[in-house]
Amino acid sequence: MPKATRKSGKETKKRAKKDPNAPKRGLSAYMFFANEQRENVREENPGVSFGQVGKLLGERWKALTEKQRAPYEAKAAADKKRYEDEKQAYNQAQADGDDDESS
């Protein structure tokens, strides 16, 4: 006898599709560091798995001093500013586009 299908009390919400024209989020200081160091880690540790590369990058990041992290923090701040500017322009364009459609 087949099992009866149960419906939970929660309804699943469908996400709206992400606009491909929307600006990309700014990278964190760690991501700038990881992108720069990933190849070095792979060269120094041949055959290491993807997960292990992440662990090694995390260990290296933790070992950095504030002075060594400063350039990455500056890049992250600049990228955050870029994202905020692009987001504001994108939202303004969306608002302008909505106004045109309602006319």
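Modeller: Before we count anything, a helix here is a DSSP run of H or I with at least four residues, and a strand is a run of E with at least two. Keep in mind that this is a predicted model.

Biologist: Fine. How many helices and strands does the protein chain come to?

Modeller: Three helices and zero strands. Going along the sequence, the pattern reads α-α-α. Buried residues account for 18% of the chain's 103 residues.

Biologist: Now the rings. How do I read an aromatic pair?

Modeller: A pair of aromatic rings is described by two things, the distance of the centres and the angle of the planes. In this structure, a full search turns up four aromatic pairs. One of them is Tyr-30 with Trp-61, edge-to-face, at 5.8 Å centre to centre and 75° between the planes. That pair links distant parts of the chain, since Tyr-30 sits in helix α1 (residues 29–44) and Trp-61 in helix α2 (residues 50–63), 31 residues apart.

Biologist: Is Trp-61 buried or exposed?

Modeller: Buried, because its relative accessible area is 12% and the cut-off for buried is under 20%. Tyr-30, at 25%, is partly exposed.

Biologist: And what about Phe-33 and Tyr-72?

Modeller: Edge-to-face again, with 5.4 Å between centres and 85° between planes. Phe-33 belongs to helix α1 and Tyr-72 to helix α3, so this pair ties together parts 39 residues apart in sequence. Both Phe-33 and Tyr-72 are buried. Put Tyr-30, Phe-33, Trp-61 and Tyr-72 together and you have one aromatic cluster.

Biologist: On to charges. How many salt bridges does the structure hold?

Modeller: Five. Among them is Lys-75 with Glu-36, at 3.6 Å from N to O. The two are 39 residues apart, Lys-75 in helix α3 and Glu-36 in helix α1. Lys-75 is partly exposed at 38% relative accessibility, and Glu-36 is partly exposed at 41%.

Biologist: What does a salt bridge inside one helix look like?

Modeller: Take Arg-82 and Asp-79, whose closest N and O atoms are 2.8 Å apart. Both lie in helix α3, three residues apart, or about one turn. Asp-79 counts as buried at 13% relative accessibility, while Arg-82 is partly exposed at 26%. Asp-79, Arg-82 and Glu-86 are linked in a salt-bridge network.

Biologist: Which residues gather in the patch of positive charge on the surface?

Modeller: Lys-18, Lys-24, Arg-25, Lys-80 and Lys-87. Lys-80 is in helix α3 (residues 66–102). Lys-80 counts as exposed because its relative accessible area is 51%, and exposed means over 50%.

Methods: Residues numbered from 1 in each chain as written. Predicted model: local features only at pLDDT ≥ 70, side-chain atom pairs only at ≥ 80, totals over all residues. Heavy atoms only, no water. Patch = residues over 30% accessible without salt bridge, like charges linked within 9 Å, V, L, I, M, F, W, Y side chains within 5 Å. Areas by Shrake-Rupley, 256 points an atom, 1.4 Å probe, with all protein chains shown as cover. Salt bridge = Lys/Arg side-chain N within 4 Å of Asp/Glu carboxyl O. Lys, Arg positive; Asp, Glu negative; His and termini not counted. Charge placed at Lys NZ, Arg CZ, Asp CG, Glu CD. Buried < 20%, exposed > 50% of the residue type's maximum accessible area, 1.4 Å probe, protein only. Phe/Tyr/Trp six-rings, centres within 6.5 Å; stacked < 30°, edge-to-face > 60°.
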